[in-house]
Amino acid sequence: DYPTPKCFAYDWSHPPMGRLVMTAFIKVLGISTFSRRIVPMLAGVLLSFMVFQLSKFLFPKKPGLWLTAAALSALEGLLFVLSRIGLADTILALFLVTMIYFLLKKEYLISSLFFGLAIATKWTAAYSLGYIGLVLLTYATWKKDLKAIAKNLVRIAGVGLLYLVVGVDVYLLSYLPLINHYGVDKFVELQKQMYWYHTGLKATHPYQSPALSWPLLYRPVWFFVKYGKDTVENIYALGNPLVFWGGLLAVAFTIWYALTHKKSQHLWYLLIAYGMFWIPWTVSPRIMFLYHYLPAIPFLSIILAFALTQVASYSAKIKKVTLVFLLLVFATFWYFFPYWTAIAVPKDEVSRFHWLESWK
């Protein structure tokens with residue numbers, strides 16, 4: 001709407017659910033940097049918890065894997081930084097991981113509720129519709145019997161309809177304040193504006209990066225800087241290099257393992273979930289940033305945990321190597337901690353964080 005009040009800006013580029021959850025805490029606690037950030041922070045913490053729960057469900061006899069996956073997600077820099085910023089990305093990731101957890105447990109009503117929460121936070125949650133359909137197809141028992149096939153298809157269609165109905169209802173409910181104050185026409189216009197914005201955005205940015213470069217951790221996003229006399233404070237949305245690069249190797253290993261071993265369906269669920277939240281971005285028409293990769297990180301953490309656990313089982317010497325790797329992940333987290341949290345460092349030491357030229 002024009003004109004806007006002085007010093008006021010509308011934010012309409014995404015649906016409102018993430019902001020509504022954040023607003024509830026701001027309303028209770030008052031306006032402060034803490035109240036703005038507490039929900040993304042809690043979502044980041046809960047993400048590690050859900051990584052633990054999902055790992056436990058997929059690998060019920062490997063408690064070491066559960067803890068490793070949760071630890072890797074907690075020590076991942078991109079997730080850490082976005083958990084400390086007043087943005088909805090960790091909220092979205094939490095909704096998506098929780099949706100998949102309950103989907104795989106066949107608790108479809110709860111799963112569909114979290115699907116609705118996710119789609120009402122960001123439209124990119126729609127990528128998960130294909131995943132839902134794939135899981136439902138693999139959960140059915142298929143026989144060479146037309147009646148059995150028809151019965152399966154009806155059941156799948158019914159569950160799919162549940163996701164659509166619940167998803168649409170939650171999405172509409174998130175806009176209830178807007179509709180109550182401004183009517184349905186304003187709601188419809190806003191959907192058009194969001195679509196035009198995301199499909200027609202021609203802007204460029206010095207810290208944009210193509211989706212294919214995200215697993216390589218080629219280009220972070222510079223969020224904040226404050227210069228002192230002899231020091232500088234930075235916040236870079238940069239992943240933990242060992243989790244990113246180790247995770248890329250782990251994805252290749254897990255694909256090989258799944259192809260060469262029977263009863264690997266649970267691994268394909270992980271691999272497809274990881275790819276679902278990354279690969280569609282490769283054909284996106286708008287500019288992109290590394291933080292769009294965030295929903296894939298929880299699944300990458302579990303895949304890396306699986307690869308480390310599996311490799312460690314081959315021999316005692318290799319197990320020691322995997323333990324050293326985990327210690328190095330922890331050490332790398334603390335190494336980059338100032339770079340992620342705006343802790344002042346001497347200006348002549350900033351270059352030590354630039355492992356790649358493109359990280360500047």
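**Exercise 1. In which sense do strands S1 and S2 pair, and over how many bridges?**

Keep in mind that this is a predicted model. Start with the strands themselves: S1 covers residues 221–227, and S2 covers residues 231–237. They pair in the antiparallel sense, over six bridges. To check the register, look at Val-221, which stands opposite Ala-237 in S2. Then look at the connection: three residues sit between the two strands, and together they form a hairpin.

**Exercise 2. Find the other partner of S2, then work out how enclosed S2 is.**

Go to residues 345–346, which make up strand S3. S2 and S3 also pair in the antiparallel sense, this time over two bridges. One contact point to pick out is Val-232, whose bridge partner in S3 is Val-345. Now for burial: five of the seven residues of S2 are buried, so the strand is largely enclosed by the rest of the structure.

**Exercise 3. Classify the ring pair Phe-52 and Trp-66, and say what it ties together.**

First, the geometry. The ring centres are 5.8 Å apart and the planes meet at 85 degrees. Planes over 60 degrees apart count as edge-to-face, so that is the label for this pair. Next, place the residues: Phe-52 belongs to helix H2 (residues 33–58) and Trp-66 to helix H3 (residues 63–74), so the pair ties together parts that are 14 residues apart in sequence. Both residues are buried.

**Exercise 4. Do the same for Phe-95 and Phe-114.**

Here the centres lie 6.2 Å apart, with 50 degrees between the planes, and the pair is tilted. Phe-95 sits in helix H5 (residues 89–104) and Phe-114 in helix H6 (residues 108–119), 19 residues apart, so to speak a link between distant parts of the chain. Phe-95 has a relative accessible area of 9%, which makes it buried. For the wider picture, the whole structure holds 47 aromatic pairs.

**Exercise 5. Which charged ends sit over the rings of Tyr-139 and Tyr-335?**

For Tyr-139, it's the charged end of Lys-106, 4.8 Å from the ring centre. For Tyr-335, it's that of Arg-352, at 5.0 Å from the centre.

**Exercise 6. Decide how compact the protein is.**

Begin with the inventory: 14 helices and three strands. The radius of gyration is 22 Å, close to the 21 Å from the globule rule for 360 residues, so the protein is as compact as a globular protein of that length. Add the burial count: 49% of the 360 residues are buried. Finish with the surface, where about 18600 Å² is exposed and carbon and sulfur atoms supply 70% of it.

Conventions. Residues are numbered from 1 along each chain as its sequence is written. This is a predicted model: local features need pLDDT of at least 70, side-chain atom pairs count only at pLDDT 80 or more; totals for chains, interfaces and linings use all residues. Side-chain values use heavy atoms; hydrogens and water are left out. Rings of Phe, Tyr and Trp (its six-membered ring) pair if their centres lie within 6.5 Å; planes under 30 degrees apart count as stacked, over 60 as edge-to-face and the rest as tilted. Helices (H or I, at least four residues) and strands (E, at least two) are DSSP runs, numbered from the N terminus. Buried means under 20% relative accessible area, exposed over 50%, partly exposed in between (1.4 Å probe, protein chains only). A charge sits over a ring if NZ of Lys or CZ of Arg is within 6 Å of the ring centre and within 35 degrees of the ring normal. The radius of gyration is taken over C-alpha atoms; the globule rule is 2.2 Å times the number of residues to the power 0.38. Accessible areas come from the Shrake-Rupley method with a 1.4 Å probe; for residues, only the protein chains shown count as cover. Two strands pair if DSSP finds at least two bridges between them.
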